[in-house]
Amino acid sequence: MASAARLAALAFAAIFLNSVAGHSKENWDNVLADRIVFAVDTSASMRMDDLHTKMRQAISVWTKYLSPPSSSIGISQLKLKEGFWMKNMSGSSLKSMLPDEEFSKSACLFCGIGEAAKMLQDANAKDLVVLLMEERADDMPHDTAQFTIQSVQPKFRIFSIALTEKSDPDLDELSNATHGGSDFVPNPTFSRLLMTFASLPVAKNYSIITAKECEKDASCPVEFELDETAENPQSVLQVFMCPTTKSNSSIKLEYDLMNVQLDEGDSVRTLDAELDLETGCWVYQQNNPLAGIWQLKVGAENNTVSVVVFLLSEDYHKLNCYVTRESGIVHVEAHIEPPVENLDRFDVS
C-alpha cells in the first residue's frame, strides 16, 4: 500500500502540473519540447561496462545531429554541481561535454532534478527533463521520487530512462506525475539509447533505418534498403559508427560501405567517414542518397562498435522495430512506413 506521503506528493504534482500553461493530461503529449535538460547519473557505477561512455556518445550525437535546430539542450548531473547549456536556441554547436572522470560516489536524484529546475526558470509545458539513472544510493534512503516531487515541485515534464537491471523502480513515479514518459533499458548501448531519444516529445525530422551492435575484432555486416522516396534533395543519409571507448582517436576502425543498385546489378562503393572528436564517433553523411540495398562492413580492434543509420527528411515517419538476438547481442531494425503526424513510441527492451 502506498504511503500517505507518496500519495500526497503524487496528487500534488498531478494537480500542479495540470494547471501549467493550460495543458491537461489529455493534450500533454501534443506539446513538443524546445528546452531539454539531460539529468544524468555520473556516479561510480557508471564506469561499469563503459556505460558512461555510451551515454555520453548518445547525448552528444543526438544533440549535435538530431535535436531540433531551434532547441536548447542542457546537462544537469545527479550531484551537487552546476548545470550548463550545450546548445542554445540560436543553434550554436556543442561547446562542452560530460566530464570523463568526475564520478561521484552515488547519484543524488533530488540534486539533479533540482539543478534542472534552476536551469529551466519560468518552466512550462514546452520544457523537458530527460532523466538517465541507474541505481539509487543505499546511503541516501530519503532521496526518492516522492521527496523530489515534493521538494522541487517541477513545472516541466520528466522523461525517465531507467538504466540496467539495477535501476530504481520508482523512477516511473516522476514520469507519471509529470506526464513525461519513461523507458527501461536493461542493456544500455549507444544505439539503444538513441532509439529511446527518438521517442522524446520533440520535433523530429529523421527516421532510424537500422541499428546493430558489432562484436570486438569481427567484420560485422550491416545491411539496409532505401526506396525511391529517399532520393530527393531534402534527404540525408547519416551513418554513425561509435566504438565504446574513451580514446577513439587511437582506434583503427575498418569499414566498407557500398550501394548495390537494384535495377543495374552493379555496385557503387562509397564511404568517406570522418572522426568527430566531439562525439567520439565516425560519421558518414550523403545528401540525396541512392535507392537500393546498402551493405556496410565495420570492425575495430579490441572494441565493440555501435552502428546506427538514419535518414533525415522533412517528413515524420512511423517506425516498426524488430528485435533479434544473436550470440547475446540485440539487433534492432526499424522499417519506414508511410508518413504520419507523430513518431510512435516503441519498446525494444
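Which residues are buried in α6? Select residues 190-197, which form helix α6. Phe 190, Ser 191, Arg 192, Leu 193, Leu 194, Met 195, Thr 196 and Phe 197 are buried (under 20% relative accessible area, with over 50% counting as exposed and partly exposed in between, for a 1.4 Å probe and protein chains only). Eight of the eight residues of this helix are buried, so α6 is largely enclosed by the rest of the structure.

The model is predicted: local features need pLDDT of at least 70, side-chain atom pairs count only at pLDDT 80 or more, and totals for chains, interfaces and linings use all residues. Residues are numbered from 1 along each chain as its sequence is written, and side-chain values use heavy atoms, leaving out hydrogens and water. Helices are DSSP runs of H or I with at least four residues, strands are runs of E with at least two, and both are numbered from the N terminus.

Next, add residues 51-66, helix α2. The axes of α2 and α6 are 9 Å apart, and the helices pack at an angle of about 45°. Axes are lines fitted to C-alpha atoms, for helices over the stretch in contact, and angles between N-to-C directions run from 0 to 180 degrees.

Now show the side chains at the contact (heavy atoms within 4.5 Å). From α2, select Lys 54, Met 55, Gln 57, Ala 58, Ile 59, Val 61, Trp 62 and Leu 66; from α6, select Phe 190, Leu 193, Leu 194 and Phe 197.

Last, select residues 171-178, helix α5. Six of its eight residues are buried, so α5 is largely enclosed by the rest of the structure. Among the buried ones are Leu 171, Glu 173 and Leu 174. Just after α5, His 179 takes a positive phi of about 55°.
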